[in-house]
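Reader: Could you take me through this one slowly, starting with a close look at a single strand pairing and then working outwards? I'd like to know who sits against whom.

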Amino acid sequence: MNILIFAGTTEGRSLAQYLARQNIFCHVCVATEYGEQLIEESNYVKIHTGRLTEEEMKELMEREDIHLVIDATHPYAVLVSENIKKACGQAKVSYQRLLRSSVQLKKEEDAVFVDSVEEAVQFLKAVTGNVLITTGSKELAKFTAIDGYRERLYARVLSTPEVVKTCAELGFEGKHLICMQGPFSEELNVAMMRQIDASYLVTKESGKAGGFEEKIRAAKKAGAKAIVIGRPSVEKGMSLEEVKQFVIRETGKTVHHQISLVGIGMGDRKSLTMEAIDHIHAADVLIGAKRMLEPFSGLHKPMMCEYRPEEICQYIQEHPEYEHVAVLLSGDTGFYSGAKKLMDLLKDEHVTVCPGISSVVAFCAKLQTSWDDIKLMSLHGRGQNTIHALKEYGKVFTLVGTKDGIPNLCRKLIEYGMEDTKISVGEALSYPQERIVIGSPEQLQKMEFDPLTVVLMEREKREFVVTHGIADDHFLRDRAPMTKEEIRSISLSKLRLQKDSVIYDIGAGTGSVAVEMALQSSDGMVYAIEKKKEAVSLILENKRKFAADNLEVIEGMAPEALESLPVPTHAFIGGSSGNMKEILKTLLKKNEKIRIVVNAIAVETVAETLQCLKELPFCEEEIVQASVGRSKKVASYHMMMGLNPVFIFSFTGGGCA
């Protein structure tokens with residue numbers, strides 16, 4: 001597709017450069033040699049310089065076999081646009097108008113709106129005071145009708161010899177002629193108006209790309225009234241972003257984006273790093289949760305309010321017009337951040353990761369404590385065993401993220417006998433409503449906190465956490481059956497548990513096996529299934545005694561009680577109530593690679609398990625028969641007393657290779 005751009009504006013030049021970066025060839029028409037200097041010619045950009053008549057436009061389109069014309073001329077160049085449209089019609093070429101976005105002024109902006117330069121001149125005739133004219137040189141002659149214009153008026157125009165000569169001939173010279181290429185920053189506009197003591201600023205409604213907003217804000221700061229010349233007509237067309245999207249769709253090109261994953265710290269702009277600021281200012285679009293985007297609304301960039309990784313990636317792919325994308329992420333990109341998932345999803349794009357100040361760094365600085373000996377965790381959208389970590393490490397930092405997070409945490413600490421914990425809560429860090437509260441679980445459990453909360457838990461008493469080999473007499477037992485510690489040790493060894501295993505304890509009895517499994521797999525979860533109410537109560541008591549917070553008790557009969565539970569990685573069966581085959585089938589259905597250990601004392605259970613191993617797809621089968629003798633002191637002698645022999649079956653789902 002051969003494309004011709006009439007590039008009389010910043011947007012037109014930007015479009016040409018964008019197409020060149022996407023390896024899309026285009027012809028570019030500019031009216032002057034100065035305009036030619038603003039565009040870099042390359043293998044993908046051919047520049048045509050000089051003003052063209054309607055007939056010359058048509059000849060150019062036919063000579064270069066143009067298929068699409070994009071009219072990116074100035075919104076006030078009405079005659080030029082009309083000629084382009086007519087030429088396209090005669091050459092039978094598709095025409096698209098690139099519109100410069102307009103700006104709606106706020107009610108508090110002090111401005112006078114007029115329909116034409118002539119009307120602006122009539123207004124200025126009736127007032128006194130110096131005037132900065134920023135409407136260019138083409139219609140500057142009309143302002144000479146104002147009495148004393150040589151002393152009152154200051155013209156800001158392009159710095160070309162032709163323009164300077166024209167202005168000088170009209171009487172604008174010396175300090176009354178400012179030759180510079182815009183657009184200009186708000187600060188520079190303010191400085192100019194104050195330098196010339198301007199009472200009025202004359203400007204066209206040139207849109208965001210023309211620096212219109214900066215002019216209006218600067219006029220207000222400098223104490224000048226803005227006179228705004230409205231656009232000559234309401235046009236139909238597309239924005240720069242829409243034109244880019246249209247061309248990419250028509251040419252079938254694939255755009256590779258430059259994506260920055262930016263950690264923005266706590267949320268307040270003061271916690272941004274200089275690198276983060278650079279990435280944000282360079283971006284064509286900002287993506288993030290509403291809270292993260294709000295501080296940057298003043299940048300007037302396109303924004304997409306989204307935090308879900310899949311939706312962010314889909315949005316980026318659907319918007320090829322945005323080459324540089326900044327995804328804003330709270331805190332640091334490496335600390336419980338969505339950056340991890342985004343990096344996986346965006347592996348085919350060019351991704352830069354910009355770290356930020358994490359909440360743990362900021363909060364510990366406020367508390368004036370180091371964080372090199374703290375266990376870092378998060379309860380925001382996930383479940384982690386903070387109780388076990390506190391027992392083991394003594395200092396735990398965690399993100400919370402829910403309104404009831406702190407009260408729930410306090411109640412757990414009280415329930416597990418850890419009332420001596422010091423809790424420091426950081427609420428809405430860096431925001432005006434920031435609050436830091438320090439107290440005990442008892443003091444904080446009834447307080448309300450913002451969901452945007454972090455907490456540091458400190459406990460002087462650090463416990464040596466035994467995860468394997470707890471003595472039988474440490475468990476509350478009553479009359480419920482219990483797997484003896486020697487058999488527990490062998491069974492747990494055969495299970496091959498990992499730190500994050502999800503385990504079923506079927507026929508849990510007192511919960512001795514379930515507790516040891518929960519302590520061993522502290523990042524995982526144990527579900528203790530037990531049908532007897534008395535035994536369920538015992539398991540709950542043992543859970544509290546050992547602070548096994550990752551142990552959940554399910555009252556019911558297997559296999560029915562297993563149906564709604566999460567997928568297991570391991571299962572221990574201490575009692576099957578005659579349902580061994582149905583239980584094993586259910587476990588295989590939930591996870592065909594599950595690791596299982598069965599303890600059998602009754603001969604019938606041994607026979608039933610052996611039959612299941614023949615009929616169901618298991619491998620790595622092993623049977624151990626353990627006979628344990630314990631000493632009993634009789635007078636001055638130690639007599640060995642035998643316990644019931646136990647058959648320990650261990651096997652893995654999947655069948656034999």
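Author: Let's start with one residue pair: Val 425 faces Val 455, which belongs to strand E21. Keep in mind that this is a predicted model. The pair belongs to the join between E19 and E21 (residues 453-458), two strands that run antiparallel and are linked by six bridges. E19 also has E20 (residues 435-439) as a partner, again in the antiparallel sense, this time over five bridges. One step along from Val 425, Gly 426 has Ile 436 of E20 as its bridge partner. As for cover, E19 (residues 422-427) has five of its six residues buried, so call it mostly covered.

Now for a bigger piece of strand pairing. Seven strands make up an open sheet with mixed pairing, and the order reads E24-E23-E22-E25-E26-E30-E27. The edges are E24 (551-555) and E27 (618-626); each has a single partner strand, so one side of each has no neighbour in the sheet. On average, neighbouring strands here are turned by 15° against each other, direction ignored.

Inside that sheet, have a look at E25 (residues 570-573) and E26 (residues 595-600), which pair in the parallel sense over four bridges. Phe 572 has Val 597 in E26 as its bridge partner. Helix H19 (residues 485-495) packs on this sheet and touches E25, E26, E27 and E30 (646-653), with its direction at about 155° to that of E26.

Helix H22 (residues 580-590) also meets the sheet: it lies across E22 (502-506), E25, E26, E27 and E30, and it runs at about 170° to E25. Which of its residues are buried? They are Met 580, Ile 583, Leu 584, Thr 586, Leu 587 and Leu 588. A bit of helix geometry helps when reading such a list: an α-helix has 3.6 residues a turn, so residues three or four places apart point the same way. The buried residues of H22 pack against E22, E25, E26, E27 and E30, and also against helix H23 (603-615).

Next, a pair of helices. H1 (residues 10-21) packs with H10 (residues 240-251) at an angle of about 30°, and their axes are 11 Å apart. With that angle, the two count as roughly parallel, because the cut-off for this is under 35 degrees. Their crossing is right-handed. On the H1 side the contact has Glu 11, Ser 14, Leu 15, Tyr 18 and Leu 19, and these meet Leu 240, Val 243, Lys 244, Val 247 and Ile 248 of H10. Sorted by class, that gives seven nonpolar, one polar and two charged residues.

Two single residues to finish. Leu 124, in helix H5 (residues 117-125), has 0% relative accessibility and so counts as buried. Leaving out residues up to four places away in sequence, Leu 124 touches Val 131, Phe 143, Ile 146, Arg 152, Tyr 200, Val 202 and Ile 227. For a sense of scale, its C-alpha atom is separated by 82 Å from that of Ala 547, 423 residues apart along the chain.

His 319 sits in the loop between helix H13 (309-318) and strand E15 (324-329). Loop or not, His 319 counts as buried, because its relative accessibility is 19% and the cut-off is under 20%. With residues up to four places away in sequence not counted, His 319 touches Gln 245 and His 257.

Methods:
Residues are numbered from 1 along each chain as its sequence is written. This is a predicted model: local features need pLDDT of at least 70, side-chain atom pairs count only at pLDDT 80 or more; totals for chains, interfaces and linings use all residues. Side-chain values use heavy atoms; hydrogens and water are left out. Two strands pair if DSSP finds at least two bridges between them. Axes are lines fitted to C-alpha atoms, for helices over the stretch in contact, and angles run from 0 to 180 degrees between N-to-C directions. Contact means heavy atoms within 4.5 Å. Buried means under 20% relative accessible area, exposed over 50%, partly exposed in between (1.4 Å probe, protein chains only). Angles under 35 degrees count as roughly parallel, over 145 as roughly antiparallel, 65 to 115 as roughly perpendicular and the rest as oblique. A crossing is left-handed if the near helix is turned anticlockwise from the far one by less than a right angle, and right-handed if clockwise. Ala, Val, Leu, Ile, Met, Phe, Trp, Tyr, Cys and Pro count as nonpolar, Asp, Glu, Lys and Arg as charged, and the others, Gly among them, as polar.
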